[in-house]
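Good morning, everyone, and thank you for making room for this short talk. Please have the model open in front of you, as I will go through its cavities, its strands and then its aromatic rings.

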Amino acid sequence: MNPDRRRFLTATASTALAFGPKSGEAQEAKPNLIREENAKPGTTDWQLTRVRINSGRYRTKLIEGYVSHQSIRAGETLDFFISTEPERPFTIDLYRLGYYGGTGGRHMAQLGPFPGKIQPTPAMSAGSRLHECQWEISTGLSIPDDWISGVYLGKLTTIPATRSEPYWQSYVIFIVRDDREADVIFQTSDNTSQAYNRWPENESLYTDPRGAHAPGVAVSFDRPYGLYPQFGALPLSIGSGEFLLWEFPLSFWLEKEGYDVTYLANVDVLESGSIERSRVFLSVAHDEYWDRKQFTRVASAIEEGLSVLWLCGNSVFIDSPFSQSTGGQANRVITRRGCFGELREDENDSYAALWDTLESTAPDERKIMGVRSVVPFNGGGDWTCRKADHWVFKGTGMKNGDAIPGLVGWEHHGEPDPDREGLEVLAEGSVWAGGTREGRYSAVLFPGPKGNFVFNASTVFWNIGLSSPPGQWAPYTHFSRPHGPDPRVQQITRNLLNRAISQGSEAIPDANLSED
């Protein structure tokens, strides 16, 4: 047995995790809220039916809105800010997303109808290019006590003025969070959704005339999400950011499998104790924009025994601190300050303009991820096994050189940390940006100090290999595409989660200690 692996397995079997729910009889007796919730009747009606972009390339003025909080607890009040043009009454149907027998959602409530009104488009702030709505509240909702943690959609629907007029729809999105101990914490990547949001016309963190990565540019959560700006028309992204595109397949699969999962927004990681109450923390899909305080929190939690699964690509790249809104509400604005880690080498100098504007302002992200964003940032490729005898691959049947087609994309990680003791490269290979320019990715795992571990899949598309919920879009970018759910991706993810959750057990099953 490899000495590093022997130390890792010994620590896993003998170390009681300092935080998170304990195993044994108390754990066996703990009710599984996720299984109970997903046994309730579901529906596919959470999906949008009639959507139309009618202002520029990304915006629907027909009905659009946002909510007052990225995440909220039961008992707190969530405010809704809705605009309709032309003015039409509207309803808000609220859904919790999950598995629900394969339907993907459960209808929680209908609010309204409410009178619609045209709300003003805010002017752009000089310098920061911030668009921050200060709309009138359309309605509020005290989150019911029995709404468990999850990702929730509000489906906005206009009520036509005549029988011959069509209705129109869009979304608002929010997280219901809790403070309970849970095996798994799912952090949504809503900072990145907002960074790429081009509402109202073409105003994201990437549209500054100085350059796509210019510092000092800011975006606000006090505005609707427009149509996602990459990869063509994606109607279910109107009002929901990137969640349904890359993140929902993981949530759908986790809840199908019955994992004890609870949900947070990016901003919640700033709060003391927010992630330490779990055994494993998930960074999901396209988790690019981080406040440095998030980095500090996760680094500390790893040292204290938390396992982390980076099921994502291009993550922890942009140093983007939170700040308060004009109205004084905390953490409603993010601003690009710089990047994590040292500037990347680019022998072809094609990113020279980027490095002219983007400075290193935060720690090396490899300290918590094992790898980092590399040049070229994007592309497509196959996820190729390089260490088939590792426990991560148990039950997959994979051999060295076997590949999962198209799973790497459209952004990835590479350049493993040379200073990280015990780091193992599990998969690596080529990606091709634009179909021809070659880059390299590496998927890695390294041990933590208390029997925990950190895994990095190094691809945004990992979760597409887990499930295909209703409405799921199959991406095609850089002349490459993933194939959808794959039993090997599912088994690898299951192995990782089960190992992380078993930390602190008085007796870990022999299968979890196998090197097969």
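Let me begin with the enclosed spaces, where the count comes to four cavities of 30 Å³ or more. By a cavity I mean a set of points, on a 1 Å grid over the protein atoms alone, where a 1.4 Å probe fits but cannot get out, and lining residues are those with an atom within 4 Å of a point. Grid points are joined across faces, edges and corners, and a volume is the space filled by probe spheres set on the points.

Before going further, I should say that this is a predicted model, in which local features need pLDDT of at least 70 and side-chain atom pairs count only at pLDDT 80 or more, while totals for chains, interfaces and linings use all residues. Residues are numbered from 1 along each chain as its sequence is written, and side-chain values use heavy atoms, with hydrogens and water left out.

The largest cavity holds about 260 Å³ of space, and of the 25 residues that line it, the closest to its centre are Ile173, Phe174, Asp190, Phe221 and Tyr225. Its lining has eleven nonpolar, nine polar and five charged residues, where Ala, Val, Leu, Ile, Met, Phe, Trp, Tyr, Cys and Pro count as nonpolar, Asp, Glu, Lys and Arg as charged, and the others, Gly among them, as polar. Which element gives the most to this lining of the largest cavity? It is β8, with five residues, although β1 (64-67), α4 (190-196) and α5 also each supply at least two. These names come from DSSP runs, numbered from the N terminus, with helices being H or I of at least four residues and strands being E of at least two.

The second largest cavity has a volume of about 50 Å³, and among the residues lining it are Arg59, Glu64, Tyr171, Trp199 and Tyr225. Here β1 and β8 each supply at least two lining residues, and the classes come to five nonpolar, five polar and two charged.

Since β8 has now come up twice, let us stay with this strand, in which nine of its nine residues are buried. Buried means under 20% relative accessible area, exposed means over 50%, and partly exposed is in between, using a 1.4 Å probe and protein chains only. Both faces of β8 are covered, with Tyr171 and Ile173 among the buried residues on one side and Val172 and Phe174 among those on the other. Two strands pair if DSSP finds at least two bridges between them; strand β7 (residues 150-158) and β8 pair in the antiparallel sense over eight bridges, and tyrosine 152 has phenylalanine 174 in β8 as its bridge partner. Strand β2 (residues 71-73) pairs with β8 in the parallel sense over three bridges, and there arginine 73 stands opposite arginine 177.

Let me turn to the aromatic rings. Any such pair is described by the distance of the centres and the angle of the planes. Rings of Phe, Tyr and Trp (its six-membered ring) pair if their centres lie within 6.5 Å, and planes under 30 degrees apart count as stacked, over 60 as edge-to-face and the rest as tilted. The structure holds 33 aromatic pairs, including the edge-to-face pair of phenylalanine 231 and tryptophan 410, at 5.0 Å centre to centre with 80 degrees between the planes. This pair links distant parts of the chain, 179 residues apart, with both partners in loops. Are these two rings buried or exposed, or something in between? Tryptophan 410 has a relative accessible area of 1%, so it is buried, whereas phenylalanine 231, at 21%, counts as partly exposed.

Another pair joins phenylalanine 317 and phenylalanine 377, whose centres are 5.1 Å apart and whose planes stand at 45 degrees, so the pair is tilted. Phenylalanine 317 is in the loop between β14 (307-312) and β15 (318-319) and phenylalanine 377 in the loop between α8 (366-369) and β20 (381-384), so the pair ties together parts that are 60 residues apart in sequence. Both of these phenylalanines, 317 and 377, are buried.

I will close with two details of the backbone. The peptide bond from tryptophan 199 to proline 200 is cis, with omega near 5 degrees, and proline 200 has its place in the loop between α4 and β10. Asparagine 314 has a positive phi of about 55 degrees although it is not a glycine, and at 2% relative accessibility this asparagine 314 counts as buried.

How values were computed: On a 1 Å grid over the protein atoms alone, a cavity is a set of points where a 1.4 Å probe fits but cannot get out, and a pocket is an open set with protein on both sides within 12 Å along at least five of seven lines; lining residues have an atom within 4 Å of a point.
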